[in-house]
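Let's walk through this one together, from the whole chain down to a couple of single residues. Keep the viewer open as you read.

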Amino acid sequence: AKELGRNTYQFYQPEMNAKSLRRLSLATELRDALERDQLELYFQPFIDTVYGQICGVEALLRWHHPIMGSVSPIEFIPIAENTGMIVPIGQWVIEQSVKRYAEWRRKGVKPLRIAVNISAVQFRQVDLAEQILRVTNQYGVPPSALELELTESLLMRDVESATAQLRRLKALGFTLVIDDFGTGYSSLSYLRRFPLDGLKIDRSFIAEVNRNTDDTAITLAILSMARSLRLHVTAEGVETREQYEFLTRHGCHETQGYLFSPPIPEAQILPMLLQDKPA
Ligand code: C2E
Ligand code: CA
Ligand code: CA
Ligand code: CA
(Lines give C-alpha, C1' and ligand atoms only; values in the text may rest on other atoms or scores of the structure.)
(Ligands and ions follow the chains in the order given, each with its own letter.)
Protein backbone atom coordinates (compact mmCIF):
# COMPACT_ATOMS: atom_id res chain seq x y z
CA ALA A 1 0.00 0.00 0.00
CA LYS A 2 2.91 2.27 0.81
CA GLU A 3 4.56 1.47 -2.54
CA LEU A 4 1.35 2.21 -4.37
CA GLY A 5 0.94 5.43 -2.43
CA ARG A 6 4.37 6.63 -3.46
CA ASN A 7 3.85 5.70 -7.09
CA THR A 8 0.50 7.42 -7.26
CA TYR A 9 2.04 10.45 -5.61
CA GLN A 10 4.81 10.67 -8.20
CA PHE A 11 2.42 10.04 -11.04
CA TYR A 12 -0.17 12.65 -10.13
CA GLN A 13 1.91 15.37 -8.56
CA PRO A 14 2.94 17.38 -11.66
CA GLU A 15 -0.59 17.50 -13.00
CA MET A 16 -1.97 18.46 -9.59
CA ASN A 17 0.50 21.30 -9.43
CA ALA A 18 -0.45 22.66 -12.83
CA LYS A 19 -4.12 22.51 -11.90
CA SER A 20 -3.74 24.12 -8.51
CA LEU A 21 -1.45 26.77 -9.95
CA ARG A 22 -4.05 27.70 -12.51
CA ARG A 23 -6.73 27.72 -9.83
CA LEU A 24 -4.59 29.94 -7.65
CA SER A 25 -3.88 32.43 -10.41
CA LEU A 26 -7.54 32.48 -11.46
CA ALA A 27 -8.51 33.14 -7.84
CA THR A 28 -6.06 36.05 -7.65
CA GLU A 29 -7.10 37.49 -11.01
CA LEU A 30 -10.79 37.10 -10.25
CA ARG A 31 -10.42 39.44 -7.28
CA ASP A 32 -9.81 42.36 -9.67
CA ALA A 33 -11.98 41.20 -12.56
CA LEU A 34 -14.95 43.35 -11.54
CA GLU A 35 -12.98 46.58 -11.15
CA ARG A 36 -11.04 45.91 -14.33
CA ASP A 37 -14.28 45.56 -16.24
CA GLN A 38 -13.49 42.02 -17.38
CA LEU A 39 -16.88 40.54 -16.57
CA GLU A 40 -19.76 40.73 -18.99
CA LEU A 41 -23.27 39.34 -19.06
CA TYR A 42 -24.51 37.41 -22.07
CA PHE A 43 -28.20 36.75 -22.50
CA GLN A 44 -30.01 33.68 -23.81
CA PRO A 45 -33.73 33.80 -24.64
CA PHE A 46 -36.49 31.42 -23.47
CA ILE A 47 -39.08 30.68 -26.13
CA ASP A 48 -42.74 30.20 -25.35
CA THR A 49 -43.92 26.98 -27.04
CA VAL A 50 -47.48 28.26 -27.58
CA TYR A 51 -46.70 31.55 -29.36
CA GLY A 52 -43.11 30.86 -30.38
CA GLN A 53 -42.09 34.18 -28.86
CA ILE A 54 -39.36 35.24 -26.47
CA CYS A 55 -40.78 35.26 -22.96
CA GLY A 56 -37.61 35.69 -20.95
CA VAL A 57 -33.83 35.76 -20.97
CA GLU A 58 -31.19 34.18 -18.75
CA ALA A 59 -28.13 36.23 -17.79
CA LEU A 60 -24.91 34.18 -18.07
CA LEU A 61 -21.53 35.44 -16.90
CA ARG A 62 -18.53 35.75 -19.21
CA TRP A 63 -14.99 36.53 -18.07
CA HIS A 64 -12.64 38.02 -20.66
CA HIS A 65 -9.12 37.95 -19.29
CA PRO A 66 -6.51 39.99 -21.24
CA ILE A 67 -3.92 37.16 -21.11
CA MET A 68 -5.80 33.98 -20.25
CA GLY A 69 -8.49 34.73 -22.78
CA SER A 70 -12.06 33.79 -22.08
CA VAL A 71 -12.51 31.65 -18.96
CA SER A 72 -15.64 29.49 -18.72
CA PRO A 73 -18.06 30.02 -15.83
CA ILE A 74 -17.87 26.22 -15.33
CA GLU A 75 -14.29 26.86 -14.22
CA PHE A 76 -14.45 30.22 -12.45
CA ILE A 77 -17.80 30.04 -10.62
CA PRO A 78 -16.56 27.25 -8.27
CA ILE A 79 -13.42 29.33 -7.60
CA ALA A 80 -15.55 32.40 -6.92
CA GLU A 81 -17.61 30.30 -4.49
CA ASN A 82 -14.56 29.00 -2.63
CA THR A 83 -12.99 32.44 -2.29
CA GLY A 84 -16.19 34.27 -1.39
CA MET A 85 -15.85 36.44 -4.53
CA ILE A 86 -19.22 35.06 -5.62
CA VAL A 87 -20.92 37.46 -3.22
CA PRO A 88 -19.81 40.74 -4.87
CA ILE A 89 -19.92 39.09 -8.32
CA GLY A 90 -23.42 37.75 -7.68
CA GLN A 91 -24.59 41.18 -6.54
CA TRP A 92 -23.12 42.69 -9.67
CA VAL A 93 -24.97 40.11 -11.82
CA ILE A 94 -28.29 40.96 -10.16
CA GLU A 95 -27.78 44.71 -10.39
CA GLN A 96 -26.63 44.59 -14.06
CA SER A 97 -29.50 42.29 -15.05
CA VAL A 98 -32.17 44.43 -13.40
CA LYS A 99 -30.64 47.61 -14.80
CA ARG A 100 -30.51 46.17 -18.35
CA TYR A 101 -34.08 44.97 -18.07
CA ALA A 102 -35.27 48.42 -16.95
CA GLU A 103 -33.48 49.95 -19.97
CA TRP A 104 -35.03 47.41 -22.35
CA ARG A 105 -38.50 48.19 -21.03
CA ARG A 106 -37.91 51.92 -21.55
CA LYS A 107 -36.87 51.15 -25.13
CA GLY A 108 -40.16 49.34 -25.78
CA VAL A 109 -39.43 45.71 -24.99
CA LYS A 110 -42.57 43.93 -23.75
CA PRO A 111 -42.66 42.56 -20.18
CA LEU A 112 -40.42 39.48 -19.87
CA ARG A 113 -38.65 37.52 -17.16
CA ILE A 114 -34.99 38.14 -16.53
CA ALA A 115 -33.36 35.07 -14.98
CA VAL A 116 -30.19 35.03 -12.88
CA ASN A 117 -28.29 32.10 -11.37
CA ILE A 118 -27.92 32.17 -7.60
CA SER A 119 -25.06 30.24 -6.04
CA ALA A 120 -25.21 28.37 -2.72
CA VAL A 121 -23.01 30.94 -0.96
CA GLN A 122 -25.26 33.81 -2.08
CA PHE A 123 -28.39 31.88 -1.17
CA ARG A 124 -27.18 31.42 2.41
CA GLN A 125 -27.07 35.18 3.05
CA VAL A 126 -29.94 35.97 5.42
CA ASP A 127 -30.60 39.41 3.94
CA LEU A 128 -30.59 38.21 0.30
CA ALA A 129 -34.30 38.97 -0.25
CA GLU A 130 -33.98 42.55 1.05
CA GLN A 131 -30.77 43.08 -0.93
CA ILE A 132 -32.44 42.06 -4.18
CA LEU A 133 -35.58 44.05 -3.41
CA ARG A 134 -33.46 47.16 -2.97
CA VAL A 135 -32.18 46.67 -6.53
CA THR A 136 -35.58 46.02 -8.13
CA ASN A 137 -37.03 49.04 -6.29
CA GLN A 138 -34.13 51.24 -7.37
CA TYR A 139 -34.76 50.44 -11.05
CA GLY A 140 -38.53 50.24 -10.80
CA VAL A 141 -38.68 46.60 -11.91
CA PRO A 142 -41.52 44.39 -10.57
CA PRO A 143 -39.98 41.58 -8.43
CA SER A 144 -41.94 38.93 -10.34
CA ALA A 145 -39.97 39.85 -13.48
CA LEU A 146 -36.80 38.65 -11.77
CA GLU A 147 -36.39 34.87 -11.88
CA LEU A 148 -33.94 33.31 -9.43
CA GLU A 149 -32.48 29.98 -10.59
CA LEU A 150 -31.49 27.68 -7.75
CA THR A 151 -30.08 24.16 -7.99
CA GLU A 152 -31.61 21.12 -6.32
CA SER A 153 -28.42 20.35 -4.38
CA LEU A 154 -28.41 23.88 -2.98
CA LEU A 155 -31.98 23.49 -1.74
CA MET A 156 -31.59 19.95 -0.43
CA ARG A 157 -28.44 20.61 1.62
CA ASP A 158 -30.43 22.16 4.45
CA VAL A 159 -34.12 21.88 3.73
CA GLU A 160 -35.27 23.85 6.78
CA SER A 161 -33.25 26.97 6.12
CA ALA A 162 -33.79 26.68 2.35
CA THR A 163 -37.56 26.66 2.91
CA ALA A 164 -37.29 29.74 5.13
CA GLN A 165 -35.16 31.56 2.56
CA LEU A 166 -37.50 30.62 -0.31
CA ARG A 167 -40.45 31.91 1.71
CA ARG A 168 -38.73 35.25 2.31
CA LEU A 169 -37.98 35.56 -1.41
CA LYS A 170 -41.49 34.48 -2.44
CA ALA A 171 -43.08 36.90 0.05
CA LEU A 172 -41.37 39.76 -1.80
CA GLY A 173 -42.68 38.46 -5.13
CA PHE A 174 -39.62 37.05 -6.88
CA THR A 175 -40.04 34.17 -9.37
CA LEU A 176 -38.33 31.01 -8.07
CA VAL A 177 -37.25 28.07 -10.21
CA ILE A 178 -35.14 24.94 -9.79
CA ASP A 179 -32.29 24.77 -12.30
CA ASP A 180 -30.76 21.57 -13.76
CA PHE A 181 -33.79 19.64 -12.55
CA GLY A 182 -33.40 15.87 -12.50
CA THR A 183 -29.66 15.81 -11.84
CA GLY A 184 -29.83 16.16 -8.09
CA TYR A 185 -31.83 14.44 -5.47
CA SER A 186 -35.12 15.96 -4.45
CA SER A 187 -38.24 14.27 -3.28
CA LEU A 188 -41.75 15.12 -4.33
CA SER A 189 -42.73 16.13 -0.80
CA TYR A 190 -40.05 18.84 -0.76
CA LEU A 191 -41.05 20.07 -4.15
CA ARG A 192 -44.53 20.59 -2.77
CA ARG A 193 -43.27 22.29 0.32
CA PHE A 194 -40.98 24.78 -1.44
CA PRO A 195 -42.84 27.86 -2.78
CA LEU A 196 -41.62 27.34 -6.37
CA ASP A 197 -42.87 28.73 -9.66
CA GLY A 198 -41.09 26.41 -12.04
CA LEU A 199 -38.46 23.89 -13.05
CA LYS A 200 -35.80 23.79 -15.72
CA ILE A 201 -35.23 20.28 -17.07
CA ASP A 202 -31.50 19.64 -17.27
CA ARG A 203 -30.04 19.56 -20.73
CA SER A 204 -28.55 16.09 -20.22
CA PHE A 205 -32.12 14.68 -20.55
CA ILE A 206 -33.03 16.89 -23.48
CA ALA A 207 -29.97 15.90 -25.52
CA GLU A 208 -31.41 12.43 -26.20
CA VAL A 209 -35.08 13.13 -25.72
CA ASN A 210 -37.21 11.16 -28.16
CA ARG A 211 -34.19 8.90 -28.95
CA ASN A 212 -33.08 7.39 -25.66
CA THR A 213 -36.02 5.68 -23.96
CA ASP A 214 -34.79 6.45 -20.42
CA ASP A 215 -34.31 10.17 -21.09
CA THR A 216 -37.68 10.32 -22.82
CA ALA A 217 -39.35 8.61 -19.85
CA ILE A 218 -37.68 10.94 -17.34
CA THR A 219 -38.63 14.04 -19.33
CA LEU A 220 -42.25 12.90 -19.61
CA ALA A 221 -42.34 12.06 -15.89
CA ILE A 222 -40.99 15.52 -14.98
CA LEU A 223 -43.56 17.19 -17.26
CA SER A 224 -46.44 15.24 -15.78
CA MET A 225 -45.31 15.80 -12.20
CA ALA A 226 -44.85 19.52 -12.87
CA ARG A 227 -48.35 19.67 -14.31
CA SER A 228 -49.87 18.18 -11.16
CA LEU A 229 -47.88 20.52 -8.95
CA ARG A 230 -48.77 23.43 -11.28
CA LEU A 231 -45.15 24.27 -11.95
CA HIS A 232 -43.97 26.02 -15.03
CA VAL A 233 -41.43 24.00 -17.10
CA THR A 234 -38.50 25.19 -19.21
CA ALA A 235 -36.40 22.69 -21.17
CA GLU A 236 -32.71 23.56 -21.38
CA GLY A 237 -30.32 22.75 -24.21
CA VAL A 238 -32.89 22.48 -27.00
CA GLU A 239 -30.77 22.17 -30.13
CA THR A 240 -33.00 20.53 -32.72
CA ARG A 241 -36.42 21.06 -34.26
CA GLU A 242 -37.25 17.48 -33.31
CA GLN A 243 -36.59 18.14 -29.61
CA TYR A 244 -38.60 21.37 -29.77
CA GLU A 245 -41.57 19.62 -31.36
CA PHE A 246 -41.48 16.73 -28.95
CA LEU A 247 -41.42 19.08 -25.96
CA THR A 248 -44.20 21.26 -27.37
CA ARG A 249 -46.36 18.22 -28.03
CA HIS A 250 -45.93 17.08 -24.43
CA GLY A 251 -46.88 20.36 -22.80
CA CYS A 252 -43.48 21.86 -21.98
CA HIS A 253 -44.08 25.62 -21.59
CA GLU A 254 -40.75 27.06 -22.65
CA THR A 255 -37.52 26.05 -24.33
CA GLN A 256 -34.02 27.47 -24.21
CA GLY A 257 -31.11 26.38 -26.37
CA TYR A 258 -28.97 26.76 -29.46
CA LEU A 259 -31.91 26.00 -31.76
CA PHE A 260 -33.21 29.49 -31.12
CA SER A 261 -30.07 31.27 -29.90
CA PRO A 262 -26.88 30.74 -27.89
CA PRO A 263 -26.15 33.23 -25.10
CA ILE A 264 -25.27 36.53 -26.84
CA PRO A 265 -24.04 40.00 -25.81
CA GLU A 266 -26.58 42.67 -24.93
CA ALA A 267 -26.00 44.58 -28.18
CA GLN A 268 -27.24 41.49 -30.05
CA ILE A 269 -30.12 40.47 -27.81
CA LEU A 270 -31.76 43.91 -27.74
CA PRO A 271 -32.80 43.91 -31.44
CA MET A 272 -34.23 40.39 -30.97
CA LEU A 273 -36.27 41.54 -27.98
CA LEU A 274 -37.53 44.58 -29.86
CA GLN A 275 -38.54 42.50 -32.87
CA ASP A 276 -40.73 40.40 -30.63
CA LYS A 277 -42.56 43.54 -29.53
CA PRO A 278 -46.33 43.27 -30.16
CA ALA A 279 -47.30 45.39 -33.16
P1 C2E B 1 -26.67 26.80 -16.37
O2 C2E B 1 -27.26 27.78 -15.43
O3 C2E B 1 -27.25 25.44 -16.41
O4 C2E B 1 -26.69 27.51 -17.79
C5 C2E B 1 -26.93 26.85 -18.98
C6 C2E B 1 -25.65 26.54 -19.72
O7 C2E B 1 -25.96 25.78 -20.88
C8 C2E B 1 -24.91 27.78 -20.21
O9 C2E B 1 -23.52 27.51 -20.14
C10 C2E B 1 -25.37 27.87 -21.67
O11 C2E B 1 -24.46 28.56 -22.50
C12 C2E B 1 -25.44 26.42 -22.04
N13 C2E B 1 -26.38 26.16 -23.13
C14 C2E B 1 -27.48 26.85 -23.46
N15 C2E B 1 -28.13 26.30 -24.52
C16 C2E B 1 -27.41 25.21 -24.86
C17 C2E B 1 -27.56 24.22 -25.90
O18 C2E B 1 -28.50 24.20 -26.71
N19 C2E B 1 -26.61 23.23 -25.95
C20 C2E B 1 -25.58 23.20 -25.08
N21 C2E B 1 -24.69 22.21 -25.22
N22 C2E B 1 -25.40 24.13 -24.10
C23 C2E B 1 -26.30 25.12 -24.00
P24 C2E B 1 -22.49 28.60 -19.60
O25 C2E B 1 -22.92 29.97 -20.03
O26 C2E B 1 -21.12 28.14 -19.95
O27 C2E B 1 -22.68 28.52 -18.03
C28 C2E B 1 -22.36 27.35 -17.34
C29 C2E B 1 -22.83 27.40 -15.91
O30 C2E B 1 -22.12 28.39 -15.16
C31 C2E B 1 -24.31 27.76 -15.76
O32 C2E B 1 -25.09 26.61 -16.03
C33 C2E B 1 -24.33 28.19 -14.32
O34 C2E B 1 -24.37 27.08 -13.46
C35 C2E B 1 -22.98 28.87 -14.15
N36 C2E B 1 -23.15 30.33 -14.28
C37 C2E B 1 -23.14 31.12 -15.38
N38 C2E B 1 -23.37 32.40 -15.07
C39 C2E B 1 -23.55 32.44 -13.72
C40 C2E B 1 -23.82 33.49 -12.76
O41 C2E B 1 -24.01 34.68 -13.09
N42 C2E B 1 -23.91 33.11 -11.44
C43 C2E B 1 -23.75 31.81 -11.04
N44 C2E B 1 -23.85 31.54 -9.72
N45 C2E B 1 -23.51 30.82 -11.91
C46 C2E B 1 -23.41 31.13 -13.23
CA1 CA C 1 -29.31 28.50 -15.08
CA1 CA D 1 -29.33 24.87 -16.03
CA1 CA E 1 -26.26 23.14 -16.05
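What follows starts with the overall picture, then goes to the strands, and ends with two residues.

Keep in mind that this is a predicted model. The chain has 12 helices and 10 strands. Its radius of gyration is 20 Å, close to the 19 Å that the globule rule gives for 279 residues, so the chain is as compact as a globular protein of that length. If you want a box for it, the C-alpha atoms fill roughly 70 × 45 × 40 Å along the principal axes.

How much of the chain counts as buried? The figure is 46% of the 279 residues. Looking outward instead, the chain exposes about 14400 Å², and carbon and sulfur atoms supply 54% of that area. As for the contact map, take the contacts with a separation of 6 or more: residues 24 or more positions apart account for 68% of them. On the charge side, there are 31 positive and 34 negative charges, and their mean positions are 3 Å apart.

Now to the strands, and β1 is a handy place to begin. This strand covers residues 39-48 and is mostly covered, with 9 of its 10 residues buried. Which way does β1 run relative to β2? The two are antiparallel, and 9 bridges join β1 to β2, residues 54-65. Together β1 and β2 form a hairpin with 5 residues between them. Have a look at G52 in the turn, where phi is positive at about 65°.

β1 has other partners too. With strand β10 (residues 264-265), β1 pairs in the antiparallel sense over 2 bridges. F43 makes a nice marker here: its bridge partner in β2 is A59, and its bridge partner in β10 is I264. Then there is β9, which is joined to β1 by 2 bridges and also runs antiparallel to it. In that pairing, I47 stands opposite T255.

From β9 you can step along to the parallel pairings. Strand β9 (residues 254-255) pairs with β8 in the parallel sense over 2 bridges, and T234 has E254 in β9 as its bridge partner. β8, residues 232-235, in turn pairs with β7, residues 198-201, again in the parallel sense and over 4 bridges. There, L199 stands opposite V233 in β8.

Let's finish with two residues. P143 is in the loop between α5 (128-139) and β5 (146-151). Is P143 buried or exposed? Its relative accessible area is 19%, and buried means under 20%, so P143 counts as buried. Setting aside residues up to four places away in sequence, P143 touches L133, T136, L172, G173, F174 and T175. For a sense of distance, F246 is 103 residues away from P143 in sequence and 32 Å away in space, C-alpha to C-alpha.

The other residue is Q131, which lies in helix α5. Its relative accessibility is 14%, so Q131 counts as buried. Which residues does Q131 contact, once its neighbours within four places in sequence are left aside? Q131 is in contact with Q91 and Q125.

How values were computed
Residues numbered from 1 in each chain as written. Chains lettered and ligands numbered in written order. Predicted model: local features only at pLDDT ≥ 70, side-chain atom pairs only at ≥ 80, totals over all residues. Heavy atoms only, no water. Rg over C-alpha atoms; globule rule 2.2 N^0.38 Å. Buried < 20%, exposed > 50% of the residue type's maximum accessible area, 1.4 Å probe, protein only. Contact = heavy atoms within 4.5 Å. Areas by Shrake-Rupley, 256 points an atom, 1.4 Å probe, with all protein chains shown as cover. Lys, Arg positive; Asp, Glu negative; His and termini not counted. Charge placed at Lys NZ, Arg CZ, Asp CG, Glu CD. Pairing = 2+ DSSP bridges.
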